[in-house]
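Reader: I would like each label justified by its value and its cut-off. Please start with the nucleic acid contacts.

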Amino acid sequence: MSEERSLNFLEEIVEEDIAAGKNGGKVLTRFPPEPNGYLHIGHAKSICLNFGLAQRYGGQTNLRFDDTNPSKEEVEYVDSIKEDVKWLGFNWANELYASDYFDKLYDFAVKLIKKGLAYVDDSTADEIAAQKGTPTEPGTPNQYRNRSVEENLQLFAEMKAGKYPDGAKVLRAKIDLASPNMHMRDPLMYRIKHTHHHRTGNDWCIYPMYDFAHGESDAIEEITHSVCTLEFVPHRPLYDWFIENLEIFPSKQYEFARLNLNYTVMSKRKLLQLVEEKYVDGWDDPRMPTISGLRRRGYTPASIREFCERIGIAKRENMIDVSLLEFCIREDLNKTAWRRMAVLDPIKMVITNYPEGQVENMFSENNPEAEGGDGGREIPFSRELWIEREDFMEDPPKKFFRLGVGLMVRLKSAYIVKCDSFEKDADGNVTQINCTYIPESRSQNDTSGIHVKGTIHWVSVPHAITAEVRLYDRLFKVEDPSNEDGDFKEYINPDSLQVLEKVYIEPDLANAVPGKGYQFMRKGYFTLDKNSTRDKMVFNRTVTLKDGWKGTAQQPSKG
RNA sequence: UGCCUGAUAGUAUAAUGGUAGUACGACGGUUUUUGGUACCGUUUGUCUAGGUUCGAAUCCUGGUCGGGCAACCA
């Protein structure tokens, strides 16, 4: 039943640990975001990995906010992160905060001071940087490195008590200033920051650095497998050093390659810039690679989980093609989205032999992929219809299965029509297409014996509802904007958003539900935007349908 | 120039000394009242040079190329 997928390297490690009886076979992972921005698709990879690993081996996962830098962190971000993780379909065992451990962390620091393994340094940031040396030259110790335990204890207590201004002193681990690993050259453990913290308020004016908070938090929670991205590999010796010298629970850090997606940026700093400088409409702009952006775009949690499953877990740098993400959402929506008709770029068709004033209701199933079509609805049909402008050509090429004078198509779920003539305005724009219909060709009751290659969508003119439709394309013109010369914002795609103010949609779409995906037949998948109202409906295009037609040079842009 | 990492079709990811496989893409076909879906087929790969071995993507050595490391960020 369940496909035997080969294990990724982390699953192998976990299985080995379980087999070896490590931690009594327990598996506890954690997802540790810093609440300084919204979660993106890269975080989704980490979330699926951490929660998935625990689920697979009967363990649990903590959600822990790495909130050790109050100047960047906000409650808004905490809330959005919780919402996104939940939306993705994961339940954490405990909601925790590094700031919950500030007291314990302080005690840990005191313990290291007492062991002679930490000292207070009065140097400035520049001095410390200079004294650290370079990758090829060792660092040089300063006079503070030999302070007595008693003096360090007192100074550190005074730092905590608020006696010193920001930057006046730091607490450093006393390790090895000549280490080839820069992270081991007496790394900072605490800095002074008289800043309000979103949870601890003004209780603290010293805050632990990442390296002195993360592994320690893992140990406090007894995390068995602490999974992070590759850039932390050089931190691992330090992670282990603190745990060993503090003699606390031996959590282990493992690293995997972060997700890179082409035609977008993934760093929170850059995403924040796009938001603050108004290149996009907030963190949840449908063009953003954020979870909230993807949600607003119409992506489903299942499609994102599937994507994370398909990209795999390894240790080599990678660049995933967005087309894989698009494949995943199409695959999901194809099975679930109700089919509806919408004419994005309308042109009027008049069926000259259809009685004026007559209306027929045409039945059409909701989803041909589903059992029994998943029900259906009636679509009003009349003498005048809106059809897609691109479904008519004055001079159609040979394999154009749509309309042109003399050509026949089926109107989806209705009749076969033959194009007789068309009309133009003074500027040469086609304004109207005149057709005759075949009365015997009514859908589901076709006795005409006529077979046509093309079927097109339509909306009855007197019954059409007007809506706004937003078409999205990739946010950047180049595959890897961060790697180009100059500022990444120079590579923003100016056509990433196209707003169609007046689109005609079939009447049943008045019942469209937020959060549900609809397939506008032959045009793509769409979902209601959060700002849609009863009076002015707004749909976002999630993704186009795969377009296999190579008949013209002009290909509609994917998005 | 130091240290740490990694390298398998276009993109990802398996093969754990024994037939280089899978997915997406691309290309072609069948079906189709969506030029969608589904189904079938084709295509393309072990960074390089040596070595060990009956046998190497896998082990060893040298090289090449990519990524990371010198924030009071995480």
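Author: This is a predicted model. In it, a side-chain N or O atom of Arg-522 lies 2.8 Å from a phosphate oxygen of RNA strand B.

Reader: What makes the pair formed by Arg-522 and the phosphate oxygen a polar contact?

Author: The cut-off for a pair of N or O atoms is 3.5 Å. The Arg-522 pair is at 2.8 Å, so it counts as a polar contact. Asp-547 qualifies too, because a polar atom of its side chain is 3.4 Å from a sugar or linking oxygen of RNA strand B. For Gln-444 the partner is a base oxygen of RNA strand B, and a backbone N or O atom lies 3.2 Å from it.

Reader: Which elements give two or more residues to the surface near RNA strand B?

Author: They are helix H5 (125–131), strand E6 (188–192), helix H11 (301–311) and helix H12 (322–336). H12 gives the most, with 3 residues.

Reader: Which residues come nearest to RNA strand B, and what classes make up the surface?

Author: Out of 64 residues around the strand, the nearest are Glu-12, Arg-310, Arg-339, Ser-443 and Gln-519. The surface near RNA strand B has 25 nonpolar, 20 charged and 19 polar residues. On the RNA side, sugar or phosphate accounts for 60% of the strand's atoms within 4 Å of the protein, and bases for the rest.

Reader: How do you know that Cys-308 is in no disulfide?

Author: A disulfide needs two cysteine sulfur atoms within 2.5 Å. The nearest cysteine sulfur to that of Cys-308 belongs to Cys-48 and is 3.8 Å away, so the pair fails the test. For Cys-328 the closest cysteine sulfur is in Cys-308, at 8.8 Å, which is too far for a bond. The count by this rule is 0 disulfides.

Reader: Why are Cys-308 and Cys-328 called buried?

Author: Buried means under 20% relative accessible area. Cys-308 has 7%, so it is buried. Cys-328 has 1%, and therefore it is buried as well. Buried residues make up 53% of the 559 residues in chain A.

Reader: What makes chain A more spread out than a compact globule?

Author: Chain A has 12 helices and 25 strands. Its radius of gyration is 31 Å, whereas the globule rule gives 24 Å for 559 residues; the value is well over the rule, so the chain is more spread out than a compact globule. Along the principal axes, its C-alpha atoms fill a box of roughly 100 × 55 × 40 Å.

Terms used:
Residues numbered from 1 in each chain as written. Chains lettered and ligands numbered in written order. Predicted model: local features only at pLDDT ≥ 70, side-chain atom pairs only at ≥ 80, totals over all residues. Heavy atoms only, no water. Buried < 20%, exposed > 50% of the residue type's maximum accessible area, 1.4 Å probe, protein only. Near = heavy atom within 4 Å. Polar contact = N/O pair within 3.5 Å; in protein donor to acceptor, adjacent residues only side chain to side chain. Helix = DSSP H or I, 4+ residues; strand = E, 2+ residues; numbered from the N terminus. Nonpolar A, V, L, I, M, F, W, Y, C, P; charged D, E, K, R; others polar. Rg over C-alpha atoms; globule rule 2.2 N^0.38 Å.
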